[in-house]
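User: Could you take a close look at the aromatic pairs in this one for me? I'd like the cut-offs spelled out, plus enough of the surroundings to place them.

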Amino acid sequence: MTAVPTQPERETVMGDLIDALRRFTVESDVFVDVFARAHGLGRSDLNAIMWISAGTSSGDPITVGELAHRLRLSPAAATALVDRLEGVGHVSRTRDPQDRRRVTVTMSETALSVATAFFVPLGDRMRAAAAEFSEEELARTAEIVRRMTGAVTAASRAPSAAAAD
């Protein structure tokens, strides 16, 4: 009689998941740093570009204030960052036609093209890596990653994280 394999304990599986996400984060950072160095960008610049690009692509451009909040920068630091990115042609500021007081930041077409050329092949590799999983498995995994991202975001905003600065 063969023994029925037992399911790994939840803590072991959670440890594997957390470790996998940690390794994914580090490898993603290395990949993104290659792009940043090639284009003379710092980490804050690249993080800002990610949020600005997402807003540009979705048709809901971000304001400097929203960018400051997402990057946990002071309004002055976010303004200086956008000034720097605007100065090298990566982004532009636009007054909202419905509310002229609101100024949004969008990616330039050139910057979007450069980023697309670099990041689309990664997306293709990621799709290939997940090809064998069902839509249900992928949806469930996406939800887990969103929740884990929320946990990291909450931890970074916690008073103990601010004290570490």
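Analyst: Here's the overall picture, then the aromatic part, then two loop residues.

Quick ground rules: this is a predicted model, with local features needing pLDDT of at least 70 and side-chain atom pairs counting only at pLDDT 80 or more, while totals for chains, interfaces and linings use all residues. Residues are numbered from 1 along each chain as its sequence is written, and side-chain values use heavy atoms, with hydrogens and water left out.

The protein has seven helices and three strands, where helices (H or I, at least four residues) and strands (E, at least two) are DSSP runs numbered from the N terminus. Reading from the N terminus, the order is α-α-β-α-α-β-β-α-α-α. The C-alpha trace spans about 75 × 40 × 35 Å along its principal axes. The radius of gyration of the protein is 20 Å, whereas a compact globule of 165 residues would have one near 15 Å; the radius is taken over C-alpha atoms, and the globule rule is 2.2 Å times the number of residues to the power 0.38. Of the 165 residues, 20% count as buried, and buried here means under 20% relative accessible area, exposed over 50%, partly exposed in between (1.4 Å probe, protein chains only).

Now for the rings. A pair of aromatic rings is described by the distance of the centres and the angle of the planes. Rings of Phe, Tyr and Trp (its six-membered ring) pair if their centres lie within 6.5 Å; planes under 30 degrees apart count as stacked, over 60 as edge-to-face and the rest as tilted. The structure holds five such pairs. In one of them, phenylalanine 35 and phenylalanine 118 have ring centres 4.9 Å apart and planes at 45°, so this pair is tilted. It links distant parts of the chain, with phenylalanine 35 in helix α1 (residues 10-38) and phenylalanine 118 in helix α5 (residues 109-129), 83 residues apart. Phenylalanine 35 is buried because its relative accessibility is 6%, while phenylalanine 118, at 25%, counts as partly exposed.

Phenylalanine 35 also pairs with phenylalanine 119: the centres are 5.1 Å apart and the planes sit at 55°, so that pair is tilted too. Again distant parts of the chain are linked, helix α1 through phenylalanine 35 and helix α5 through phenylalanine 119, 84 residues apart. Phenylalanine 119 has a relative accessible area of 28%, so it is partly exposed. Put together, Phe31, Phe35, Phe118 and Phe119 form one aromatic cluster.

On to the loops. Histidine 90 lies in the loop between α4 and β2 (91-95), and its relative accessible area of 18% makes it buried. Leaving aside residues up to four places away in sequence, histidine 90 touches His39, Leu41, Leu85, Thr106, Met107, Ser108 and Ala111, where contact means heavy atoms within 4.5 Å. Arginine 72 belongs to the loop between α3 (64-71) and α4 (75-87). Although arginine 72 is not a glycine, it has a positive phi of about 55°. Its relative accessible area is 39%, so arginine 72 is partly exposed.
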